[in-house]
Amino acid sequence: MTLKHITITGGKPLYGQIKIQGSKNAALPILTSCILGNGVCRIDNCPCISDVDVTLRMLKTAGCRVSRGGSTVTVDASQITCCEVPENEASRIRSSILFLGALTGRCRTASLPFPGGCAIGERPVNLHIGALEKLGVCFEDTGRLEADGRGLRGARVTLPFPSVGATENVILAAVLAPGKTLIQNAALEPEIDELCEFLNLRGARTVRKPDGSILIEGVRTLGPVRYSIKPDRIVAGTYLFAAAAAGGKIRICGLPAAGLENPLAVLKKMGMKITAENSFCEIDSPGIIRAVPYLETAPYPGFPTDLQSPLLAALSEARGESLIRERIFENRFRVVPELIRMGAKIKEEKDCVRICGSQSLHGASVAATDLRSGAALVIAGLAARGATKVGGLEYIERGYENICRDLSLLGAEISLSDGVLAEEMPRKV
Ligand code: UD1
């Protein structure tokens with residue numbers, strides 16, 4: 001069996017400038033929210049990634065008319081004909097759970113299988129269900145998520161943890177619910193505010209209050225809109241860590257630093273020169289990386305769990321010891337054995353890893369186990385001496401439009417090749 005993989009010849013610094021694709025974590029809820037109203041939504045700068053493809057197929061199954069030309073997608077949800085989300089699609093992506101709030105809001109009923117997605121942790125849905133129950137939605141225990149939303153109405157919801165997905169699900173259900181909803185301890189991620197901005201342009205009434213809670217006043221209908229998705233801060237962060245690891249100087253255009261404050265502060269501590277303006281962000285890497293004595297991932301505005309694996313790859317080339325604690329997803333360290341295969345000196349200790357930066361990464365044949373581990377292995381390959389093959393491309397394609405194109409533009413020697421499975425290749429241990 002042949003599978004595509006990425007081939008990288010490492011050791012080349014990155015130079016140049018790049019524009020970043022639209023945000024995955026904004027596009028997925030925004031596309032799903034199209035279900036809520038009549039009329040055509042035209043969405044520009046929608047990333048060409050497989051998670052978007054799956055979402056568009058689920059929208060079609062629900063009865064939406066969907067068309068796509070490059071990065072522009074149109075969704076016409078005038079007629080919703082099916083409130084059942086098929087198992088084969090929902091099991092592919094975690095964000096399929098957002099169809100629960102969207103379908104319940106629009107049709108007052110929804111039937112979904114439990115969601116899939118990257119195997120980065122147990123990823124339960126108790127917070128989604130508990131919050132929707134507060135809004136008057138009833139669930140039947142059938143092995144699927146069967147929602148009866150006939151009693152849907154505004155309410156006060158206090159999330160025990162600021163879950164991104166649960167916050168989005170409450171917003172989606174509450175926008176068309178009679179009365180007012182207040183979400184306390186709502187997630188603060190910028191993609192939540194982008195979803196609210198999109199919905200407000202369609203006639204919804206949502207507002208983020210100074211204490212971070214979100215107030216939603218239910219409206220009867222939502223109208224059409226034209227909207228452009230903002231750049232992906234995680235993709236931008238990936239390329240910044242790539243430049244830190246490989247050396248060089250790159251500029252990320254069209255990206256306000258808002259949303260990346262914490263990773264930029266960490267990069268500065270790592271010895272990088274960062275210039276962040278309203279419309280661009282630049283990193284100048286001296287080629288020597290300082291270790292990070294201690295860092296833990298946290299909900300926004302903390303260090304994002306999605307950039308933890310890219311950070312590990314860069315710290316493998318640092319001078320000194322770093323200790324990184326993962327506090328969001330328990331299986332985010334599956335990249336560690338692959339980095340070790342490339343010469344990294346990393347020890348796992350419960351929810352922490354200790355990285356002894358040794359500047360000794362070498363090329364190897366490795367495989368991604370989830371989206372961000374794939375990005376981390378590409379970064380390690382750019383910094384390593386020799387050739388690296390990264391398998392598991394299907395994970396990388398879930399979130400990166402074309403990582404090879406982007407990094408080639410920055411001078412990396414990286415390409416997509418057909419070949420044998422990474423697992424079948426001789427491994428350098
Ligand atoms: C979203 C992002 C993902 C990011 C994550 C954390 C999208 C499409 N995905 O995922 O890229 O890594 O936020 O920033 O936007 N939890 C529960 N019960 C629940 C829901 C969540 O215990 O019902 C736990 C999770 O297991 C995890 C934590 O809460 O430990 C955070 O999850 P959550 O914020 O919901 O992440 P996602 O929305 O799945």
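In the predicted model, one open sheet is built from four strands in the order 9-10-12-11, and its pairing is mixed. The edges of this sheet are taken by strand 9 (156–158) and strand 11 (205–208), each of which pairs on one side only. From one strand to the next, the twist averages 15°. Strand 9 and strand 10 (residues 180–184) run parallel and are joined by three bridges; within this part of the sheet, Arg-156 stands opposite Leu-182 of strand 10. Helix 7 (residues 190–201) lies across strand 11 and strand 12 (214–217), and its direction makes an angle of about 150° with strand 11.

Another open sheet, likewise described by its strand order, comprises four strands arranged as 17-18-20-19, with mixed pairing. Strand 17 and strand 19 (346–349) stand at its edges with a single partner strand each, so that one side of each is left without a neighbour in the sheet. Strand 17 is joined by two bridges to strand 18 (residues 320–325), and the two strands run parallel. Glu-296 has Arg-325, in strand 18, as its bridge partner. Helix 10 lies across strand 17, strand 18 and strand 20 (352–357), running at about 170° to strand 18.

The loop between strand 17 (295–296) and helix 10 (308–315) contains Pro-301, and the peptide bond leading from Tyr-300 to Pro-301 is cis, with omega near 10°. A further backbone feature is found at Arg-108, a residue other than glycine whose phi is positive, near 65°. Arg-108 is placed in the loop between helix 4 (98–107) and strand 6 (109–112). As a point of reference for both features, most residues other than glycine have a negative phi, and most peptide bonds are trans.

The ligand is surrounded by 18 residues, of which the closest are Asn-126, Leu-127, Ser-163, Asp-306 and Ile-328. Several polar contacts can be described at the level of atoms. An N or O atom in the side chain of Ser-163 is 2.6 Å from an oxygen atom of the ligand, while a polar backbone atom of Ile-328 is 2.4 Å from a ligand oxygen atom. For Arg-332, the separation between a polar side-chain atom and an oxygen atom of the ligand is 3.1 Å. Of the 740 Å² of accessible area that the ligand has on its own, the protein covers 86%.

Charged side chains were also examined. Side chains of opposite charge can pair when their charged atoms come close. With a side-chain nitrogen of Lys or Arg required to lie within 4 Å of a carboxyl oxygen of Asp or Glu, the count comes to 24 salt bridges. One of these is formed by Glu-89 with Arg-57, where the closest N and O atoms are 2.8 Å apart. Because Glu-89 lies in helix 3 (residues 87–90) and Arg-57 in helix 2 (residues 50–61), the pair ties together parts that are 32 residues apart in sequence.

How values were computed. Residues are numbered from 1 along each chain as its sequence is written. This is a predicted model: local features need pLDDT of at least 70, side-chain atom pairs count only at pLDDT 80 or more; totals for chains, interfaces and linings use all residues. Side-chain values use heavy atoms; hydrogens and water are left out. Two strands pair if DSSP finds at least two bridges between them. Axes are lines fitted to C-alpha atoms, for helices over the stretch in contact, and angles run from 0 to 180 degrees between N-to-C directions. Contact means heavy atoms within 4.5 Å. A residue is near a molecule or strand if one of its heavy atoms lies within 4 Å of it. A polar contact is a pair of N or O atoms within 3.5 Å; within protein, one must be able to donate a hydrogen and the other to accept it, and residues adjacent in sequence count only if both atoms are side-chain atoms. Accessible areas come from the Shrake-Rupley method with a 1.4 Å probe; for residues, only the protein chains shown count as cover.
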